[in-house]
Amino acid sequence: MAVCEVCGNDYDMSFEVVAQGARHTFDSFECAIHRMAPICEHCGVKVVGHGVVVEGSFYCCAHCARAEHDDAPVADSA
């Protein structure tokens, strides 16, 4: 069994995620999203989908990206 790094639950069905060379252990997708999902730089929601990146900033959608970058060409990538 392994302990979730977010909630501390010692769970027999925990799983690991390796990202950018770092190994993380979670007991649920909820904890994995809480720790690893990027945050929209306009509205603050956790981005659990494709998102939009403009000039190095991450947004949940084209609407939020446009709100921050008036003159940049922005389109959803889904």
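In the predicted model, Ile39 is found in the loop that runs between helix H1 and strand E5. With a relative accessibility of 45%, Ile39 counts as partly exposed, because that value falls between the bounds of 20% for buried and 50% for exposed residues. Gly51 is 12 residues away from Ile39 along the chain, and the C-alpha atoms of the two residues are separated by 9.7 Å.

The domain assignment divides the protein chain into domain 1, covering residues 1–36, and domain 2, covering residues 38–77. A distance of 26 Å separates the C-alpha centres of domain 1 and domain 2.

A nonpolar patch on the surface is made by Phe29, Ile33 and Val48, and its area is about 320 Å². Ile33 is found in helix H1, whereas Val48 lies in the loop between helix H1 (29–36) and strand E5 (52–54). Ile33 has a relative accessible area of 32% and is therefore partly exposed. Val48, at 60% relative accessibility, counts as exposed. Ile33 and Val48 are 15 residues apart in sequence, and their C-alpha atoms are 7.2 Å apart in space. In soluble globular proteins, nonpolar side chains tend to be buried together.

Buried nonpolar residues were examined next. The largest nonpolar core has 10 residues, namely Cys40, Val47, Val52, Val54, Tyr59, Ala62, Cys64, Ala65, Ala72 and Val74. Strand E5 and helix H2 (62–68) each supply at least two residues of this core. Helix H2 gives the most to the core, with three residues.

Strand pairing was examined for E3 and E4. Strand E3, formed by residues 15–19, pairs with strand E4, formed by residues 22–26, in the antiparallel sense over five bridges. Ala19 has Ala22 in E4 as its bridge partner, and Glu16 stands opposite Thr25 in E4. The hairpin of E3 and E4 has two residues between the strands, and in this hairpin Gln20 takes a positive phi near 50°.

The backbone at Gln20 is notable in view of a general tendency. Most residues other than glycine have a negative phi. Gln20 is not a glycine, yet its phi is positive, at about 50°. Gln20 lies in the loop between E3 and E4 and counts as exposed, because its relative accessibility is 87% and the exposed class begins over 50%. Glu55 likewise has a positive phi of about 50° although it is not a glycine. The place of Glu55 is in the loop between E5 and strand E6 (57–59). At 64% relative accessibility, Glu55 also counts as exposed.

Charged side chains were considered last. The structure holds two salt bridges. In one of them, the side chains of Glu5 and Arg35 meet with an N to O distance of 2.9 Å. This pair links distant parts of the chain, since Glu5 lies in the loop between strand E1 (2–3) and strand E2 (10–11) while Arg35 lies in helix H1, 30 residues apart. Glu5 counts as partly exposed, its relative accessibility being 29%. Arg35 also counts as partly exposed, with a relative accessibility of 40%.

The other salt bridge is formed by Glu16 with Arg23, and here the closest N and O atoms are 2.9 Å apart. Glu16 is partly exposed, with a relative accessible area of 48%. Arg23, by contrast, counts as exposed because its relative accessibility is 55%, which lies over the 50% bound. The residue facing Glu16 in E4 is Thr25.

Conventions. Residues are numbered from 1 along each chain as its sequence is written. This is a predicted model: local features need pLDDT of at least 70, side-chain atom pairs count only at pLDDT 80 or more; totals for chains, interfaces and linings use all residues. Side-chain values use heavy atoms; hydrogens and water are left out. Domain bounds come from an automatic or database domain assignment. Patches are made of residues with over 30% relative accessible area and no salt bridge: like charges are joined within 9 Å, nonpolar side chains (Val, Leu, Ile, Met, Phe, Trp, Tyr) within 5 Å. Accessible areas come from the Shrake-Rupley method with a 1.4 Å probe; for residues, only the protein chains shown count as cover. A salt bridge is a side-chain nitrogen of Lys or Arg within 4 Å of a carboxyl oxygen of Asp or Glu. Helices (H or I, at least four residues) and strands (E, at least two) are DSSP runs, numbered from the N terminus. Buried means under 20% relative accessible area, exposed over 50%, partly exposed in between (1.4 Å probe, protein chains only). Two strands pair if DSSP finds at least two bridges between them. A nonpolar core is a set of buried Ala, Val, Leu, Ile, Met, Phe, Trp, Tyr and Cys residues joined through side-chain atoms within 4.5 Å.
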